[in-house]
Amino acid sequence: MAAPLVLVVLAAVTVRAALYRSSLAVFIAERVEVASPLNAWKRVVEGLALLDLGVSPYSGAIFHETPLIIYLFHFLIEYAELVFMITDVLTAVALYLAIQDFNKVVFKKQKLLIELDKYAPDVAELIQTPMEMHYIPLKVALFYLLNPYTVMSCVAKSTCAINNSVIAFFILATIKGSAFLSAVFLALATYQSLYPLTLFAPALLYLLQRQFIPIKLKSKSFWLYTMQYASLYLCSLVVIICLSFFLLNSWDFIPSVYGFILSVPDLTPNIGLFWYFFAEMFEHFSLFFVCVFQINVFFYTIPLAIKLKEHPMFFMFVQLAIISIFKSYPTVGDVALYMAFLPVWSHLYRFLRNIFILSCVLIFCSFLFPVLWHLWIYAGSANSNFYYAITLTFNVGQILLISDYFYAFLRREYYLTHGLHLTRQDGTEAMLVLK
Amino acid sequence: GGMAAAAALLLLLVVAAGPGPGRAGAGQERRDALREELLLSPLPTGDVAATFQFRTRWDADLQRGAVSHYRLFPKALGRLVAALGVRELHLALTQGFWRTRYWGQPPLQAPAGAELWVWFQPTVTDVDKAWKELSNILSGIFCASLNFIDSTNTVIPTASFKPLGLANGTDHHLLRYAVLPREVVCTENLTPWKKLLPCGSKAGLAVLLKAERLFHSSYHSQAVHIRPVCRDASCLAVSWELRQTLTVVFDFFSSGQGKKDWSLFKMFSRTLTDTCPLASQSKVYVHISPKNKEKELLEVSPPPTSVHEAIVQGEKKTYAVYDLLSPSLFNTSRSLNVQLKWKRPQDSSEMPIPTLHAQRYVGGYGLQTGQICTLIYNTHPYRAFPVILLETVPWYLRLYVHTLTIITKGKENKPSYIHYQPAQDRRRPHLLEMLIQLPANSVTKITIQFERALLKWTEYPPDPNHGFYVGYSSVLSALVPSVTAMKDMDVEQSPLFTSLFPSSDGSSYFVRLYTEPLLVNLPTPDFSMPYNVICLTCTVVAVCYGSFYNLLTRTFHVEEPSRGGLAKRLANVIRKFRGVPPL
């Protein structure tokens, strides 16, 4: 399995290197879909230039990266392209190893449930076999590395790649079962972009499941483990934030980074829903709707945790998708991360209802984004509504994709426990509805 | 005996009652003096520039001591200076742009719109509060919208603006500078300005200030400068000086009807009839320097009372002087109409190029990015000199200082001093100050890239597609080398137009230039759509919420056959008629 992975990595690196040398690199770096005010490379360079001039990078409204990025690129600015290529490769390798381990866990669990007779007798075709699971890790790495979104993100040198890398390592650490490393990487991911805070719940559920601790509110061991994990997470977060203080000897980075993410003052267009909404918002309601939109990202966690407590990896996937869709400054790099997981759920294909329409919507929207941007900004023959419409369509497409996968997952679970060929009381074939 | 005693008592009472509180100043005379002058300078392109200066000097200390008796110094401004702790105040309202390249160095230039810069006294504790109050009060005095000056267009330059009057210590935190590029100047601003003059517009040079001619011009700038000056050569006491200046350039084609001969009547549709009785000096200067020093170019009539030579802006210039206070002037006619006639046609090759001039423009295309390019020309054949460049850019054009490039003669030119303060969204603008050395006979190009921000729909001005004025023109302050060395001169004796800027030594003179205001378009949202956008975006969020709600709260069930709705039963009835099996 290592050889195909190496081939994929080589192909990905070649594509990226070719694009770096071409004239498309400048064009891609300016795309608003790829570079947002939070993770554009131009702003990192600007922040470092301000530091050279003796002005704090956080004194203006240009630089919104964490001090970790300043530390990293202060020394590595000459090798930026190499850094981003290596980051992408590391992400892909981490995902590969994680999914490999996850498949083993899934297979073991499946075997256990079959032996315990939890499955209905006629569901043989729904059971995943090692044969079909064999190529899934490679497909995941392929989906991530050769996804045009990831390639564009890498060529634009958007620091989204670093965020994705940290999340990938977090997933790897969680699947391997190391609570400490998982907490550290989760703290790093939260420190970088705040929203991975919601990934605490699926990671906790996965680790509990791995330790065979039942998830009951009255159980003492449940609370003990939760407290342990939470304290590991919070301590690492506090340590990282304190280390950041010592870079510039000020807490200026907190309003500049987290205040910026939460209050959304910059209305530069992107593929998300926030920018036009707040550009057209009545001033009186601005604060209210900012709060509503931010709560929207966080409040799906508890209900999903309750529903999907037996399936924490699927919960992780849905949560990642929700973060990518509803965060304040999304880019296609965030979309690429959750799309990398789609091969893991390829066994749900037969239950997906709208996959053709949705993939068409997503592909067409991806092509229309630069076209309508050009028409608005350069040609002047369209206005902002055109670009906004494509944003809406793209987000609806993503939302329906996730809910389609969710539906398919739940349906398969029902079939596994109740049998594939359902009959009604009078013996005729039955339909399954959600009631 | 009794009568003498009563008389002595009366005398004693009168003497004792003499220096009462109301006449406390009668003992020490608080002298104030008004000097007015008009400078007419024909410009190389055939236009003519007229600069009025009215200078009131008051030997009183406005900061200390309760000053209650105002004579020539206007009470509105005096009380302003005393109450808000103002050390220096410079306010200019300008319409049009001074074309340095074609008209030469300006005597006093100001950027288009309103410009206000103020040095406060060190005793002022909250400078921002004083600044806000000051701009509001000035807005009322001059009928200008100076109340729009707030933190988004105020900057604190560190090197470009030094005090023009007496100062001990220059902590630049006491300085505030703001420009309002969209401000329009009209008669409403001229009237209160004229009211501040001691004679109003009824006598003296101010009778020429009639709005219908003054605003029919290429350039109109009226300014107020208040500053403390030395009372005498020993500088033991401080006097306050108020200068009101008005510069207007009459266009050769529109006002001159295509003929280059000018006269006071042609320019102002008025002539001078008498002097202001409150003025101690009232003169008209006409610039008649011969350009090629062979013979004179310009003939003035009636013959001037005297001829004055001065070294102004580094060059020796000759002026014909009409002293309105001299009795011989109004002997022949009741009114004075100075006429300027060209003796021979002017050669275009004689047009002198100013030593320092600059240009600024916006480069790039589209509504996403752009760049500001400033070109500075040093046309001196062998002397290099430094220039301080001040750029204030509003926050919605996000400057990237790592893209700043300064190129002179094809090579990079590193500034010896850079002060950059990045903008904060909706709070303060960008401030960039640089000290650049301009080599002799060179063009320096300074470019910096910016990104255009999308604003909230309420932040756009009316007619948003007109664009935003980036009128914070680059301010260039330089000590330009003089052609002729200037001697130290006595401020009281020399004409007013030579003594506004203090000169440290005779080898160079101070020049402050402003570049063109820029007009930049920003991407606009659709202003008719707030409700639609809110509904559509909330719909998308609701789609997610609805789908997830369904999937989270409902479970799968085997569908029970339903009895059939109304439609099904109707369909079965029709089928029975047709003889087809029912559904």
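Biologist: What makes strand 1 of chain A and strand 27 of chain B a pair?

Modeller: Two strands pair if DSSP finds at least two bridges between them. Strand 1 of chain A and strand 27 (residues 556-558) of chain B have three, in the antiparallel sense, so they meet the rule. A:Leu434, for instance, stands opposite B:Phe556 in strand 27 of chain B. The elements are DSSP runs numbered from the N terminus: H or I over at least four residues for helices, E over at least two for strands.

This is a predicted model, in which local features need pLDDT of at least 70 and side-chain atom pairs count only at pLDDT 80 or more, while totals for chains, interfaces and linings use all residues. Residues are numbered from 1 along each chain as its sequence is written, chains are lettered from A and ligands numbered from 1 in the order in which they are written, and side-chain values use heavy atoms, with hydrogens and water left out.

Biologist: How do you know how much area is buried between chain A and chain B?

Modeller: Buried area is the accessible area (1.4 Å probe) that two parts lose on being put together, summed over both. Here that comes to about 5800 Å², with carbon and sulfur atoms giving 67%. A:Lys42, A:Glu280 and A:Leu434 supply 11% of what chain A buries against chain B, more than any other three residues. Counting contacts instead (heavy atoms within 4.5 Å), 69 residues of chain A touch 54 of chain B.

Biologist: Why is A:Arg43 with B:Glu451 called a salt bridge?

Modeller: The rule wants a side-chain nitrogen of Lys or Arg within 4 Å of a carboxyl oxygen of Asp or Glu. The closest N and O atoms of A:Arg43 and B:Glu451 are 3.4 Å apart, so the pair qualifies. The count between chain A and chain B is two salt bridges.

As for elements, helix 3 (41-53) and helix 19 (355-379) are among those of chain A that give two or more residues to the side touching chain B. Helix 20 of chain A gives the largest share, 15 residues.

Biologist: Why is B:Arg55 called buried?

Modeller: Buried means under 20% relative accessible area, exposed over 50%, and partly exposed in between (1.4 Å probe, protein chains only). B:Arg55 has 3%, so buried it is. The residue is found in strand 2 (residues 48-58) of chain B.

Biologist: What makes B:Arg55 and B:Glu241 a polar contact?

Modeller: You need a pair of N or O atoms within 3.5 Å; within protein, one must be able to donate a hydrogen and the other to accept it, and residues adjacent in sequence count only if both atoms are side-chain atoms. The side chains of B:Arg55 and B:Glu241 are joined at 2.7 Å, which is why the label fits.

Biologist: What makes strand 7 of chain B mostly covered?

Modeller: Eleven of the twelve residues in strand 7 (residues 219-230) of chain B are buried. Strand 7 pairs in the antiparallel sense with strand 3 (residues 86-95) of chain B over seven bridges, and with strand 8 (residues 238-250) of chain B over twelve. B:Ile226 is the bridge partner of B:Leu89 and also of B:Leu242 in strand 8.

Biologist: Is A:Phe212 buried or exposed, and how do you know?

Modeller: At 72% relative accessible area, A:Phe212 is exposed. Its phi is near 60 degrees, a positive value in a residue other than glycine. Most residues other than glycine have a negative phi.
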